[in-house]
Amino acid sequence: MRVFSMALAAGLLVSQAALAQESAPAYGAGGEDFVIELGGGASVTPAYEGADDYTVQPKPFIALHYLSLPVLGSFGGGSDQGLSVGPSFRVVPERDDNDHKALTGLGDVDTAIELGGKVGYRRGSLEAFLAVRRGVTGHDGFVGEGGANVIANPLERLEVKAGPRFSFADSEYMQTYLGVTPAQSAASGLPAFNPDGGIKGLGLGAESRYQLSGNWTLVGEASYERLVGDAANSPIAQVGSKNQFSAALGLTYKFGLDLFD
(Lines give C-alpha, C1' and ligand atoms only; values in the text may rest on other atoms or scores of the structure.)
Protein backbone atom coordinates (compact mmCIF):
# COMPACT_ATOMS: atom_id res chain seq x y z
CA MET A 1 0.00 0.00 0.00
CA ARG A 2 2.96 2.35 0.74
CA VAL A 3 4.38 1.73 -2.75
CA PHE A 4 0.97 2.42 -4.27
CA SER A 5 0.68 5.76 -2.41
CA MET A 6 4.19 6.84 -3.41
CA ALA A 7 3.56 5.98 -7.06
CA LEU A 8 0.33 7.96 -7.11
CA ALA A 9 1.97 10.96 -5.45
CA ALA A 10 4.86 10.85 -7.94
CA GLY A 11 2.43 10.76 -10.84
CA LEU A 12 0.62 13.81 -9.54
CA LEU A 13 3.86 15.80 -9.14
CA VAL A 14 5.04 14.94 -12.65
CA SER A 15 1.72 15.85 -14.21
CA GLN A 16 1.52 19.20 -12.41
CA ALA A 17 4.99 20.17 -13.60
CA ALA A 18 4.68 18.91 -17.16
CA LEU A 19 1.13 19.57 -18.33
CA ALA A 20 -1.03 22.66 -18.64
CA GLN A 21 -4.64 22.34 -17.60
CA GLU A 22 -7.12 21.61 -20.36
CA SER A 23 -10.89 21.48 -20.05
CA ALA A 24 -12.59 18.16 -20.81
CA PRO A 25 -14.58 18.09 -24.05
CA ALA A 26 -18.36 18.03 -23.80
CA TYR A 27 -19.88 14.68 -24.68
CA GLY A 28 -21.34 14.69 -28.15
CA ALA A 29 -20.15 18.24 -28.84
CA GLY A 30 -18.11 17.10 -31.82
CA GLY A 31 -20.81 14.82 -33.19
CA GLU A 32 -19.63 11.72 -31.33
CA ASP A 33 -22.09 8.89 -30.78
CA PHE A 34 -19.80 6.95 -28.48
CA VAL A 35 -17.44 8.24 -25.77
CA ILE A 36 -15.33 5.70 -23.92
CA GLU A 37 -12.38 5.78 -21.53
CA LEU A 38 -9.75 3.07 -22.01
CA GLY A 39 -6.51 2.48 -20.21
CA GLY A 40 -4.25 0.09 -18.42
CA GLY A 41 -1.90 -0.25 -15.52
CA ALA A 42 -0.91 -2.73 -12.85
CA SER A 43 -2.64 -4.14 -9.79
CA VAL A 44 -1.66 -5.99 -6.64
CA THR A 45 -4.38 -8.49 -5.70
CA PRO A 46 -4.79 -11.76 -3.79
CA ALA A 47 -3.43 -14.64 -5.86
CA TYR A 48 -6.92 -16.20 -5.73
CA GLU A 49 -10.14 -15.77 -3.76
CA GLY A 50 -9.28 -16.39 -0.10
CA ALA A 51 -5.50 -16.37 -0.63
CA ASP A 52 -2.98 -15.05 1.87
CA ASP A 53 -0.36 -14.27 -0.81
CA TYR A 54 -0.48 -11.64 -3.54
CA THR A 55 0.33 -11.23 -7.19
CA VAL A 56 1.07 -8.32 -9.52
CA GLN A 57 -0.80 -8.42 -12.81
CA PRO A 58 -1.98 -6.13 -15.64
CA LYS A 59 -5.08 -4.08 -14.88
CA PRO A 60 -7.46 -2.85 -17.62
CA PHE A 61 -9.54 0.28 -17.08
CA ILE A 62 -12.72 0.70 -19.14
CA ALA A 63 -15.56 3.19 -18.65
CA LEU A 64 -18.40 4.02 -21.05
CA HIS A 65 -19.33 7.70 -20.67
CA TYR A 66 -21.76 8.36 -23.49
CA LEU A 67 -23.74 6.38 -26.07
CA SER A 68 -26.21 7.74 -28.59
CA LEU A 69 -28.27 5.18 -30.50
CA PRO A 70 -30.67 5.83 -33.38
CA VAL A 71 -34.30 5.69 -32.25
CA LEU A 72 -33.37 4.69 -28.69
CA GLY A 73 -31.77 8.02 -27.76
CA SER A 74 -28.75 8.97 -25.67
CA PHE A 75 -27.35 7.44 -22.52
CA GLY A 76 -24.97 9.26 -20.19
CA GLY A 77 -23.07 12.40 -21.02
CA GLY A 78 -25.10 14.73 -18.86
CA SER A 79 -24.61 15.93 -15.31
CA ASP A 80 -22.93 13.46 -12.99
CA GLN A 81 -25.75 14.12 -10.53
CA GLY A 82 -28.79 11.86 -10.31
CA LEU A 83 -29.23 8.37 -11.75
CA SER A 84 -26.66 6.73 -14.03
CA VAL A 85 -26.57 3.36 -15.78
CA GLY A 86 -23.63 1.69 -17.48
CA PRO A 87 -21.80 -1.56 -18.19
CA SER A 88 -19.74 -3.54 -15.69
CA PHE A 89 -17.09 -6.15 -16.46
CA ARG A 90 -14.29 -7.97 -14.68
CA VAL A 91 -11.56 -10.42 -15.62
CA VAL A 92 -10.59 -13.03 -13.00
CA PRO A 93 -7.24 -14.68 -13.81
CA GLU A 94 -7.06 -18.46 -14.03
CA ARG A 95 -6.40 -20.44 -10.85
CA ASP A 96 -3.79 -23.17 -11.28
CA ASP A 97 -3.54 -25.62 -8.39
CA ASN A 98 0.12 -26.24 -9.26
CA ASP A 99 1.00 -22.63 -8.45
CA HIS A 100 -0.07 -22.70 -4.81
CA LYS A 101 0.49 -25.47 -2.27
CA ALA A 102 -2.82 -24.67 -0.52
CA LEU A 103 -4.71 -25.45 -3.76
CA THR A 104 -3.11 -28.83 -4.48
CA GLY A 105 -5.80 -31.29 -5.52
CA LEU A 106 -8.50 -28.68 -6.13
CA GLY A 107 -8.01 -28.57 -9.91
CA ASP A 108 -7.72 -25.54 -12.17
CA VAL A 109 -10.24 -22.78 -12.84
CA ASP A 110 -10.07 -21.11 -16.25
CA THR A 111 -9.81 -17.36 -16.72
CA ALA A 112 -13.23 -15.84 -16.09
CA ILE A 113 -14.77 -12.97 -18.01
CA GLU A 114 -17.77 -11.40 -16.27
CA LEU A 115 -20.21 -9.09 -18.05
CA GLY A 116 -23.08 -7.13 -16.58
CA GLY A 117 -24.37 -3.71 -15.64
CA LYS A 118 -24.00 -1.01 -13.02
CA VAL A 119 -26.47 1.52 -11.65
CA GLY A 120 -25.52 4.51 -9.52
CA TYR A 121 -27.06 7.56 -7.94
CA ARG A 122 -25.23 10.74 -6.95
CA ARG A 123 -26.46 13.72 -5.00
CA GLY A 124 -23.96 16.42 -4.21
CA SER A 125 -20.82 14.85 -2.76
CA LEU A 126 -22.49 11.51 -1.95
CA GLU A 127 -23.11 8.56 -4.25
CA ALA A 128 -24.23 4.93 -4.09
CA PHE A 129 -23.81 2.16 -6.68
CA LEU A 130 -24.62 -1.47 -7.38
CA ALA A 131 -23.03 -3.71 -10.04
CA VAL A 132 -24.12 -7.21 -11.08
CA ARG A 133 -22.27 -9.48 -13.54
CA ARG A 134 -22.52 -13.01 -14.87
CA GLY A 135 -19.58 -15.19 -15.79
CA VAL A 136 -19.40 -16.00 -19.51
CA THR A 137 -16.15 -17.97 -19.15
CA GLY A 138 -14.54 -19.57 -16.12
CA HIS A 139 -17.77 -19.78 -14.13
CA ASP A 140 -21.52 -19.56 -14.79
CA GLY A 141 -22.52 -17.69 -11.65
CA PHE A 142 -23.66 -14.20 -10.75
CA VAL A 143 -21.44 -11.90 -8.72
CA GLY A 144 -21.36 -8.22 -7.90
CA GLU A 145 -20.66 -5.47 -5.46
CA GLY A 146 -22.23 -2.35 -4.07
CA GLY A 147 -21.29 0.54 -1.88
CA ALA A 148 -21.41 4.24 -1.13
CA ASN A 149 -18.86 7.03 -1.48
CA VAL A 150 -18.07 10.42 -0.08
CA ILE A 151 -16.57 12.49 -2.91
CA ALA A 152 -14.03 15.28 -2.44
CA ASN A 153 -11.92 17.50 -4.72
CA PRO A 154 -8.85 18.46 -2.67
CA LEU A 155 -7.17 19.81 -5.82
CA GLU A 156 -8.70 21.41 -8.91
CA ARG A 157 -8.11 18.36 -11.10
CA LEU A 158 -8.16 15.68 -8.41
CA GLU A 159 -11.27 13.73 -7.38
CA VAL A 160 -11.17 11.28 -4.48
CA LYS A 161 -13.94 8.81 -3.55
CA ALA A 162 -14.05 6.55 -0.51
CA GLY A 163 -16.62 4.59 1.43
CA PRO A 164 -17.98 1.22 2.55
CA ARG A 165 -18.31 -1.75 0.21
CA PHE A 166 -20.01 -5.13 0.12
CA SER A 167 -19.77 -8.02 -2.35
CA PHE A 168 -22.15 -10.87 -3.08
CA ALA A 169 -22.29 -14.01 -5.22
CA ASP A 170 -24.61 -16.89 -5.98
CA SER A 171 -23.91 -20.52 -5.11
CA GLU A 172 -22.50 -21.26 -8.59
CA TYR A 173 -19.75 -18.67 -8.18
CA MET A 174 -19.12 -19.64 -4.56
CA GLN A 175 -18.75 -23.32 -5.45
CA THR A 176 -16.27 -22.52 -8.23
CA TYR A 177 -13.92 -20.40 -6.12
CA LEU A 178 -14.61 -21.32 -2.49
CA GLY A 179 -16.27 -24.75 -2.58
CA VAL A 180 -14.64 -28.17 -2.20
CA THR A 181 -16.32 -31.16 -3.85
CA PRO A 182 -15.98 -34.68 -2.37
CA ALA A 183 -13.52 -35.57 -5.15
CA GLN A 184 -11.47 -32.43 -4.46
CA SER A 185 -11.58 -33.22 -0.74
CA ALA A 186 -10.12 -36.68 -1.35
CA ALA A 187 -7.34 -35.23 -3.53
CA SER A 188 -6.51 -32.21 -1.36
CA GLY A 189 -7.18 -33.31 2.19
CA LEU A 190 -9.48 -30.32 2.75
CA PRO A 191 -12.99 -31.03 4.09
CA ALA A 192 -15.80 -31.06 1.53
CA PHE A 193 -17.69 -27.77 1.50
CA ASN A 194 -20.78 -26.71 -0.47
CA PRO A 195 -21.27 -22.96 0.07
CA ASP A 196 -24.53 -21.08 -0.39
CA GLY A 197 -24.86 -17.78 -2.18
CA GLY A 198 -25.24 -14.47 -0.38
CA ILE A 199 -23.10 -11.66 0.99
CA LYS A 200 -19.47 -12.60 0.34
CA GLY A 201 -17.50 -9.77 1.87
CA LEU A 202 -17.61 -6.40 3.65
CA GLY A 203 -14.99 -3.71 3.48
CA LEU A 204 -13.81 -0.30 2.36
CA GLY A 205 -12.78 1.10 -1.01
CA ALA A 206 -11.21 4.27 -2.40
CA GLU A 207 -10.57 5.69 -5.86
CA SER A 208 -8.64 8.75 -6.98
CA ARG A 209 -8.68 10.35 -10.43
CA TYR A 210 -6.28 13.09 -11.48
CA GLN A 211 -7.02 14.76 -14.82
CA LEU A 212 -3.70 15.21 -16.56
CA SER A 213 -5.34 16.85 -19.58
CA GLY A 214 -8.74 16.93 -21.25
CA ASN A 215 -8.39 13.27 -22.24
CA TRP A 216 -5.69 11.70 -20.06
CA THR A 217 -6.39 10.67 -16.46
CA LEU A 218 -4.24 9.05 -13.79
CA VAL A 219 -6.36 6.54 -11.83
CA GLY A 220 -5.61 4.89 -8.49
CA GLU A 221 -7.67 2.36 -6.56
CA ALA A 222 -7.33 0.61 -3.21
CA SER A 223 -9.67 -1.67 -1.26
CA TYR A 224 -9.94 -3.97 1.74
CA GLU A 225 -12.48 -6.79 2.01
CA ARG A 226 -13.17 -9.12 4.91
CA LEU A 227 -14.75 -12.37 3.75
CA VAL A 228 -17.92 -13.21 5.68
CA GLY A 229 -20.54 -15.96 5.83
CA ASP A 230 -19.89 -19.07 3.77
CA ALA A 231 -16.97 -17.34 2.03
CA ALA A 232 -15.20 -16.98 5.37
CA ASN A 233 -16.10 -20.55 6.37
CA SER A 234 -14.61 -22.04 3.20
CA PRO A 235 -11.64 -24.36 3.83
CA ILE A 236 -9.82 -22.42 1.11
CA ALA A 237 -10.11 -19.18 3.10
CA GLN A 238 -9.40 -21.00 6.36
CA VAL A 239 -5.97 -22.10 5.14
CA GLY A 240 -5.50 -18.79 3.34
CA SER A 241 -6.90 -15.52 4.67
CA LYS A 242 -10.27 -13.86 5.21
CA ASN A 243 -8.60 -10.47 4.74
CA GLN A 244 -8.29 -9.44 1.09
CA PHE A 245 -6.40 -6.29 0.04
CA SER A 246 -5.96 -4.87 -3.45
CA ALA A 247 -4.50 -1.78 -5.12
CA ALA A 248 -4.16 -0.58 -8.71
CA LEU A 249 -2.60 2.30 -10.60
CA GLY A 250 -3.12 3.13 -14.26
CA LEU A 251 -3.47 5.69 -17.02
CA THR A 252 -6.59 6.16 -19.15
CA TYR A 253 -7.48 8.00 -22.35
CA LYS A 254 -10.98 9.21 -23.18
CA PHE A 255 -12.09 9.58 -26.80
CA GLY A 256 -15.22 9.71 -28.91
CA LEU A 257 -16.31 8.08 -32.16
CA ASP A 258 -18.93 9.00 -34.73
CA LEU A 259 -20.62 5.64 -35.35
CA PHE A 260 -23.84 6.34 -37.19
CA ASP A 261 -23.46 9.49 -39.33
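Let's start with Glu159 and Arg122. Their side chains meet in a salt bridge, 3.6 Å from N to O. Keep in mind that this is a predicted model. Where do Glu159 and Arg122 lie? Glu159 sits in strand β8, residues 158-169, and Arg122 sits in strand β5. So the pair ties together parts that are 37 residues apart in sequence. Now, cover. Glu159 has 18% relative accessibility, so it counts as buried. Arg122 is at 13%, and it counts as buried too.

Next pair: Lys200 and Glu225. They form a salt bridge as well, with the closest N and O atoms 3.8 Å apart. Lys200 belongs to strand β9, residues 198-211, while Glu225 belongs to strand β10. This pair therefore ties together parts that are 25 residues apart in sequence. Are these two buried or exposed? Lys200 is buried, with a relative accessible area of 5%. Glu225 is buried at 19%, and the cut-off for buried is under 20%.

Some background here. Side chains of opposite charge can pair when their charged atoms come close.

How many salt bridges does the count come to? The count is 9. One of them joins Glu114 and Arg90, at 3.0 Å from N to O. Glu114 lies in strand β5 and Arg90 in strand β4, so this contact ties together parts that are 24 residues apart in sequence. Look at the cover on each side. Glu114 has 0% relative accessibility and counts as buried. Arg90 has 30% and counts as partly exposed. Which residues share a network with these two? Salt bridges with shared partners join Arg90, Glu114, Arg133 and Glu145 into one network.

Still on charge, but now at the surface. Glu94, Asp99, Asp108 and Asp110 form a negative surface patch. Take Asp99 from that patch. Find it in the loop between β4, residues 82-92, and β5, residues 112-123. Is Asp99 buried or exposed? Asp99 is exposed, because its relative accessible area is 55% and the cut-off for exposed is over 50%.

On to the aromatic rings. The count comes to 5 aromatic pairs. One is Tyr173 with Tyr177. Their ring centres are 4.8 Å apart and their planes meet at 40°, so the pair is tilted. Both tyrosines lie in helix α2, residues 171-178. They are 4 residues apart, about one turn of the helix. Tyr173 is buried, with a relative accessible area of 1%. Tyr177 is buried as well, at 3% relative accessibility.

Another aromatic pair is Tyr224 with Phe245. This pair is tilted too: 4.9 Å centre to centre, with 40° between the planes. Which strands hold these rings? Tyr224 is in strand β10, residues 216-227, and Phe245 is in strand β11, residues 243-257. So the pair ties together parts that are 21 residues apart in sequence. Both rings count as partly exposed, Tyr224 at 27% relative accessibility and Phe245 at 38%.

One more aromatic group to find on the screen. Trp216, Tyr253 and Phe255 form one aromatic cluster.

A quick recap before we stop. On charge, look again at Glu159 with Arg122, a salt bridge between strands β8 and β5. Then Lys200 with Glu225, linking β9 and β10. On rings, go back to Tyr173 and Tyr177 in helix α2.

Definitions and conventions
Residues numbered from 1 in each chain as written. Predicted model: local features only at pLDDT ≥ 70, side-chain atom pairs only at ≥ 80, totals over all residues. Heavy atoms only, no water. Patch = residues over 30% accessible without salt bridge, like charges linked within 9 Å, V, L, I, M, F, W, Y side chains within 5 Å. Areas by Shrake-Rupley, 256 points an atom, 1.4 Å probe, with all protein chains shown as cover. Salt bridge = Lys/Arg side-chain N within 4 Å of Asp/Glu carboxyl O. Lys, Arg positive; Asp, Glu negative; His and termini not counted. Charge placed at Lys NZ, Arg CZ, Asp CG, Glu CD. Helix = DSSP H or I, 4+ residues; strand = E, 2+ residues; numbered from the N terminus. Buried < 20%, exposed > 50% of the residue type's maximum accessible area, 1.4 Å probe, protein only. Phe/Tyr/Trp six-rings, centres within 6.5 Å; stacked < 30°, edge-to-face > 60°.
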